[in-house]
Amino acid sequence: GNLILPTVITTYLDPARKAVFSRKSLELLALQDNDPGIIAVKGDSPYKTLKDLIDAAKANPGKIRTTTSGILSDDHIGAMLTEKAAGVKFAIVHFAGSAPGRNAVLGGHVEVFYGNVSEMESQVRAGEIRLLAVMDKQRSKFYPDVKTAEEQGFKVYSGVHRGIGMPA
């Protein structure tokens, strides 16, 4: 089956989840893709740049809502890394997957989407979603005009690797 990191890792690292497997239980066979994280807002958001968002978060600690696709997902880690790098505090809202979070941002219920490059292409092309940053060392070939968080002064790197594994 597909292994989605860090989800698999956080399952066995969290004692409350009582995982019946560990890292040694898995033989990793191939890396399928690397899907960098993104920070995005609704197309008509007042936040035009990552700096705009960070400035607003500094002025309103704990008020700007951000999505994640679940507790300790790569999106959650990306949001926490942003908080640390920028010295801000968000109101982090956990969803069961990225689709409900995307819908919450499109519906105006949450201000910021944390997700992955692969998740928003049609909404970005339609102008419904604006990407503020890619959380990778280099720009995404899919969005070459979108600066990395690092280019904007925030050393934040997050994303998901999908691969193929089997029981050891």
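Let's call two residues in contact when they have heavy atoms within 4.5 Å of each other. By that yardstick, in this predicted model, residues 24 or more positions apart account for 68% of the protein's contacts with a separation of 6 or more.

The fold itself has five helices and seven strands, and reading along the sequence gives β-α-β-α-β-α-β-α-β-α-β-β. With a radius of gyration of 16 Å, close to the 15 Å from the globule rule for 168 residues, the protein is as compact as a globular protein of that length. Its C-alpha trace spans about 50 × 35 × 30 Å along the principal axes. Buried residues make up 44% of the 168, while the exposed area comes to about 8900 Å², with 56% of that supplied by carbon and sulfur atoms.

Now for the pockets. Here are the two linings, split by class:

| Pocket | Nonpolar | Polar | Charged |
|---|---|---|---|
| Largest pocket | five residues | four residues | six residues |
| Second largest pocket | seven residues | two residues | four residues |

The largest pocket has a volume of about 260 Å³. It is lined by 15 residues, and the closest to its centre are Asn-34, Pro-36, Val-117, Ser-140 and Phe-142. Strand β2 (residues 26–42) gives the largest share of that lining, with four residues.

The second largest pocket holds about 160 Å³ of space. Of its 13 lining residues, Leu-131, Leu-132, Asp-145, Val-146 and Lys-147 sit closest to the centre.

Notes
Residues are numbered from 1 along each chain as its sequence is written. This is a predicted model: local features need pLDDT of at least 70, side-chain atom pairs count only at pLDDT 80 or more; totals for chains, interfaces and linings use all residues. Side-chain values use heavy atoms; hydrogens and water are left out. On a 1 Å grid over the protein atoms alone, a cavity is a set of points where a 1.4 Å probe fits but cannot get out, and a pocket is an open set with protein on both sides within 12 Å along at least five of seven lines; lining residues have an atom within 4 Å of a point. Grid points are joined across faces, edges and corners, and a volume is the space filled by probe spheres set on the points. Helices (H or I, at least four residues) and strands (E, at least two) are DSSP runs, numbered from the N terminus. Ala, Val, Leu, Ile, Met, Phe, Trp, Tyr, Cys and Pro count as nonpolar, Asp, Glu, Lys and Arg as charged, and the others, Gly among them, as polar. The radius of gyration is taken over C-alpha atoms; the globule rule is 2.2 Å times the number of residues to the power 0.38. Buried means under 20% relative accessible area, exposed over 50%, partly exposed in between (1.4 Å probe, protein chains only). Accessible areas come from the Shrake-Rupley method with a 1.4 Å probe; for residues, only the protein chains shown count as cover.
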